[in-house]
Number of protein chains: 2
Amino acid sequence: VDKILLRALRRQKTSRPPVWFMRQAGRYLPEYRATRAEAGGFLNLCYTPKLAAEVTLQPIRRFGFDAAILFSDILVLPHALGQKVWFETGEGPKLDPIKGGADLAALSPNRLTTALAPVFDTLGLLRGQLPPETTLIGFCGAPWTVATYMLEGGGSKDFHVAKTWAYREPAFFRGLIDLLVNSSADYLTAQIDAGAEVVQVFDSWAGVHSPVAFDEWVKRPLLHLAAELKRRRPHVPIILFPRGAHPHQLEAFARDGSGIVDALGLDTTIDLSWAHKALQPRVAIQGNLDPVLLSVGAPQAKAAANALLQTAADTPGYIFNLGHGILPDAKTEAVSAVVDMIKRYPLHEGE
Amino acid sequence: VDKILLRALRRQKTSRPPVWFMRQAGRYLPEYRATRAEAGGFLNLCYTPKLAAEVTLQPIRRFGFDAAILFSDILVLPHALGQKVWFETGEGPKLDPIKGGADLAALSPNRLTTALAPVFDTLGLLRGQLPPETTLIGFCGAPWTVATYMLEGGGSKDFHVAKTWAYREPAFFRGLIDLLVNSSADYLTAQIDAGAEVVQVFDSWAGVHSPVAFDEWVKRPLLHLAAELKRRRPHVPIILFPRGAHPHQLEAFARDGSGIVDALGLDTTIDLSWAHKALQPRVAIQGNLDPVLLSVGAPQAKAAANALLQTAADTPGYIFNLGHGILPDAKTEAVSAVVDMIKRYPLHEGE
């Protein structure tokens, strides 16, 4: 089968845009909540291949998305490197923060593939269970975004601690970033070898930097990671999602990532008609419905989705997605309505 | 005296750029913490003219900033409209959220100027006490940003509640935004009549919208507010700070706000060399040192400040500021070092 997502990532013509949603396996699904309760803890869910594969498949069964994204978390990488990571209900992730060179040196990149064996087993199970037309996406967090959690000890409002390290101890900070580039390349390569057909790198906190710091801590590591992966596994498409990057920064990714970056994920703030003109001639673009609309209702979500389709869907290289992860109170009927509408594209008059 | 900030806002030549810092009166100053403790609560501090004037003056005395910004909070406006607002130590602001049309109708724009009399008294005291060369800035929050607090009941991570109102009940939401445009115009007019020589409108959460929603809930209300103020008090410069707006959205403010918007505040993510070329020919620009640098140390802060000066300071219409408010752990010696450097601009070789 020539899968529709793979065709779109190569910017080949498709009858309609492919569709998948970031965080499509999640708390808005009752079946997810049941499996998570069974797992008894978020990290258990990530590390139990049978359960992780089950929650990955749930949104495929229910909605028929064109791609399944591995169910996991970006923080399994620091966890595998030996950092203490835990999740407290309702509070987000917690980590024992890295406090300097000694903590950095104590991380063990060598144990990565052993420690993450359950993730690769999950991908293997999924390859056996996914419908033949569905693409399997692997992923990791971007070096900058993962570094913020490792240094802050959890989520952050202003990234004060991580930025302070970057400004005050740039050699140390660059050491951490480079370690993450290399570990992420190893991790994604192993995901590909275990069955991932596409990889996406999530830089959720890319949008908090001065222009100089963006180039140094977002752009350089992402392009370095993408180039290394492309060297190792040339046929696997790479999607970068630098959330919060400005339009001219996205243009720089399309230009300087030529032949390396296959697609750019666009957050909700990006004007799709601009991206259609400025980016789509060079890379596939993916996005960018405001996820809040799926919590509001089917009519509002469909109207906004239709505007996106009218803008970019008739040119090869457009993948329908959200501008950020789906929210826990998304309405399943709104998700169905949007996915069904995209699958019926091109729409006929009166629809 | 022809004050340096007023000259820069008119894009007239000055010997060096004027300098002030957002949240320059704040917790990083021991004298602020002492006065705040004396006030016994954040809102008490805002509503006690003698103490609010005192904390406004503290950073002028210590650092010699070219402007003093009224010490207050953007949430005194909903408070004055009759919404319950309180501050819990270490938790940020809390409000009894607006839950629909009845709550909206219960707000009382008529009591605004009476309820905010202490703010106007503070401005009056400041006019009597400020050095003659120092400009007095009044401010308010932008309609969208204030609306998020009124609807969410406090700060938010994803502005889920406010956005849901905007998408699901646009007429109600527009009613709230329009009420805030009108109340903010009244409030800023009264601040001007009490002594404010410049006003700044803070849209701290402008950067979370789809392009369509940005134009509707950020751009339209800000330009409407600015136009109304300009009509009423034509000689008072207006600074808009739509934090998180994309470069082309800032360009739209400069273009569509011609004759209305005197200056644009730039957050840390904006490339000052771009703004110098694209915005400074039309409006004054203000920004945009990463405030984290003031927590890191004087050498790093000075190096980054110098790069900004080299970019924009030789063209009329540049005001040195931070890209966001100063942080509670900013080092006073770093603040001094940066302010002193700007006051000695143009720098001589070897400095």
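Partly exposed, as used in these legends, describes a residue whose relative accessible area falls between the buried class, under 20%, and the exposed class, over 50%. With 21% relative accessible area, A:Arg220 is therefore partly exposed. Please keep in mind that every view below shows a predicted model.

**View 1. A:Arg220 and A:Glu216 pair up within helix 12 of chain A.**
Start with the residue just introduced. A:Arg220 forms a salt bridge with A:Glu216, and the closest N and O atoms are 3.9 Å apart. The two residues are four places apart in helix 12 of chain A, about one turn of the helix. A:Glu216 is also partly exposed, at 28% relative accessibility.

**View 2. A salt bridge in helix 12 of chain B joins B:Glu228 and B:Arg231.**
Now move to the other chain. Here the closest N and O atoms of B:Glu228 and B:Arg231 are 2.7 Å apart. These residues are three apart in helix 12 of chain B, so about one helical turn separates them. B:Arg231 is exposed, with a relative accessible area of 59%. Back in chain A, salt bridges that share partners link A:Arg174, A:Asp178, A:Glu216 and A:Arg220 into one network.

**View 3. A:Arg232 reaches A:Asp186 in another helix of chain A.**
The side chains of these two residues meet in a salt bridge, at 3.0 Å from N to O. A:Arg232 belongs to helix 12 (residues 211–232) and A:Asp186 to helix 11 (residues 170–193), so the pair ties together parts of chain A that are 46 residues apart in sequence. A:Arg232 is partly exposed, with a relative accessible area of 25%, and A:Asp186 is partly exposed at 33%. For the wider setting, a search of the whole structure finds 38 salt bridges over all chains.

**View 4. Chain B meets chain A across an interface that buries about 2400 Å².**
Of this buried area, 60% is on carbon and sulfur atoms. On the chain B side, B:Tyr167, B:His246 and B:Thr269 lose the most area to chain A, together 24% of what that side buries. In terms of contacts, 28 residues of chain B touch 28 residues of chain A. Two salt bridges are found across this interface. B:Lys163 forms a salt bridge with A:Asp290, with the closest N and O atoms 2.9 Å apart.

**View 5. The second largest pocket is lined by 26 residues.**
Its volume is about 550 Å³. Chain A gives two or more lining residues from each of helix 14 (272–278), strand 8 (284–289) and helix 16 (298–312), as does chain B from helix 10 (160–168) and helix 12 (211–232). Helix 16 of chain A provides the largest share of the lining, six residues. Nearest the centre of the pocket lie A:Ala304, B:Ser210, B:Pro211, B:Val212 and B:Ala213. Sorted by class, the lining has 15 nonpolar, seven polar and four charged residues.

**View 6. A:Thr134 sits in a loop of chain A and is buried.**
The loop runs between helix 8 (117–129) and strand 4 (135–141) of chain A. The relative accessible area of A:Thr134 is 3%, which puts this residue in the buried class because that class means under 20%. Leaving aside neighbours within four places in sequence, A:Thr134 is in contact with A:Lys3, A:Ile60, A:Phe65, A:Asp66, A:Ala67, A:Ala68 and A:Glu197.

How values were computed
Residues numbered from 1 in each chain as written. Chains lettered and ligands numbered in written order. Predicted model: local features only at pLDDT ≥ 70, side-chain atom pairs only at ≥ 80, totals over all residues. Heavy atoms only, no water. 1 Å grid on protein atoms, 1.4 Å probe; cavity = no way out; pocket = protein on both sides within 12 Å on 5 of 7 lines; lining within 4 Å. Points joined across faces, edges and corners; volume = space filled by probe spheres on them. Nonpolar A, V, L, I, M, F, W, Y, C, P; charged D, E, K, R; others polar. Salt bridge = Lys/Arg side-chain N within 4 Å of Asp/Glu carboxyl O. Buried < 20%, exposed > 50% of the residue type's maximum accessible area, 1.4 Å probe, protein only. Contact = heavy atoms within 4.5 Å. Buried area = accessible area lost by both parts, 1.4 Å probe.
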